[in-house]
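Q: Please take a close look at one part of the molecule shown here and describe how it is placed among its surroundings.

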Amino acid sequence: MRVALLTIKQLKSLQKQLLFLLILTAGLSFNSWAQPPNDDPCNAIKLTPDVVCVYQQFTNASATASPGVPAPGCANYQGGDVWFQVTVPAASNGTLKFDTQSGVITDLGMAIYRGTCDNLQLLACDDDSGAGLMSQITLNSLTVGTTLWVRCWEYGNNNNGTFGICVKYPGPPPAYDDPCNATALPTPNTTCTYQTFTDEGATSTTGVPAPGCANYTGGDVWFSVVVPAGGLLKFDTQ
């Protein structure tokens with residue numbers, strides 16, 4: 001029977017290799033369980049609003065609950081939240097839209113707060129107003145220069161991971177923002193052919209009383225149409 005004997009030099013080399021593997025394994029374990037840098041509101045990541053929604057990718061993997069901040073009251077909050085902060089820019093005219101995009105997370109909750117990172121007051125909470133089961137919140141009449149805090153978490157805290165978020169504000173009003181610049185619709189016919197328009201950035205119309213239905217609070221756009229012979233028209237939207 002042959003017995004393999006190691007020299008002292010070989011033993012020391014083997015010890016060094018084992019020590020390196022232990023350190024490497026410990027590092028990988030630490031990194032895999034490390035909390036995100038924006039795990040609490042006072043370390044919130046700053047987002048910059050723009051006229052175009054440009055999603056940035058983040059994760060809530062290994063995030064914890066935020067002590068001292070009550071549950072937001074929607075989207076089955078169970079902890080695992082991450083935080084962002086946004087300063088309301090002058091170009092926004094006090095309107096910001098917060099939107100999220102699915103990644104590993106396909107069901108996200110979001111809440112908006114004002115105040116300071118250690119004294120937050122809830123402004124809005126949303127579950128499924130975005131695409132699919134993602135969240136989307138639009139706030140109006142915000143004070144320029146105010147800092148807002150954004151809290152994001154996975155519904156139920158059982159499928160944490162990546163997601164996208166953006167903050168945008170409306171661009172200039174559409175050309176058809178008032179009745180005297182109304183967009184002329186095509187001559188009516190027996191086939192309904194939809195055209196696509198937007199009311200994003202639209203303002204209220206001065207001198208025209210509120211219509212009295214559908215919770216009108218401004219942001220209207222205008223169209224015109226010539227009534228054909230017979231006097232019968234059907235207006236439809238998509």
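In which sense, parallel or antiparallel, do strand β1 (residues 45-47) and β3 pair, and over how many bridges?

A: Strand β1 (residues 45-47) and β3 pair in the parallel sense, over 3 bridges; strands count as paired if DSSP finds at least two bridges between them. Within this pairing, Ile45 stands opposite Phe84 in β3.

The model is predicted: local features need a pLDDT of at least 70 and side-chain atom pairs count only at pLDDT 80 or more, while totals for chains, interfaces and linings use all residues. Residues are numbered from 1 along each chain as its sequence is written, and side-chain values use heavy atoms, with hydrogens and water left out. The pLDDT, the predictor's confidence in each residue from 0 to 100, averages 89 over the chain, and 86% of the residues score at least 70. Over residues 20-32, however, the pLDDT is below 50, and beyond near neighbours in sequence this stretch has 1 contact in the model (contact means heavy atoms within 4.5 Å).

The chain holds 1 helix and 11 strands, which are DSSP runs numbered from the N terminus (H or I of at least four residues for helices, E of at least two for strands). From the N terminus on, the helix precedes the strands.

On β3 itself, 5 of the 6 residues are buried, so the strand is largely enclosed by the rest of the structure; buried means under 20% relative accessible area, exposed over 50% and partly exposed in between, with a 1.4 Å probe and protein chains only. Besides β1, strand β3 also pairs with β8, in the antiparallel sense and over 6 bridges. There Val86 stands opposite Leu148 in β8.

A salt bridge (a side-chain nitrogen of Lys or Arg within 4 Å of a carboxyl oxygen of Asp or Glu) joins Asp81 and Arg151, at 2.8 Å from N to O. Asp81 lies in the loop between β2 (56-59) and β3 (82-87) and Arg151 in strand β8 (residues 147-154), so this pair ties together parts that are 70 residues apart in sequence. Both Asp81 and Arg151 are buried. The whole structure holds 2 salt bridges; Glu200 and Lys168 form one of them, their closest N and O atoms being 2.7 Å apart.

Phe84, the residue opposite Ile45, belongs to the largest nonpolar core, which has 25 residues. Such a core is a set of buried Ala, Val, Leu, Ile, Met, Phe, Trp, Tyr and Cys residues joined through side-chain atoms within 4.5 Å. Phe84 is among the members that touch the most others, along with Leu96, Phe98, Val150, Cys152, Phe163 and Ile165. At least two residues of this core come from each of β3, β4, β5 (108-116), β7, β8 and β9. A second, separate core of 11 residues includes Ala44, Tyr77, Ala111 and Tyr113. In soluble globular proteins, nonpolar side chains tend to be buried together.

Leaving aside neighbours within four places in sequence, Phe98 is in contact with residues including Val86, Leu148 and Val150. Other partners of Phe98 include Ile137 and Leu139, whose side chains point to one face of strand β7 (residues 136-139) and are buried, whereas Gln136 and Thr138 point to the other face and are not. Strand β4 (residues 96-102) and β7 run antiparallel, joined by 4 bridges, and Lys97 stands opposite Thr138 in β7.
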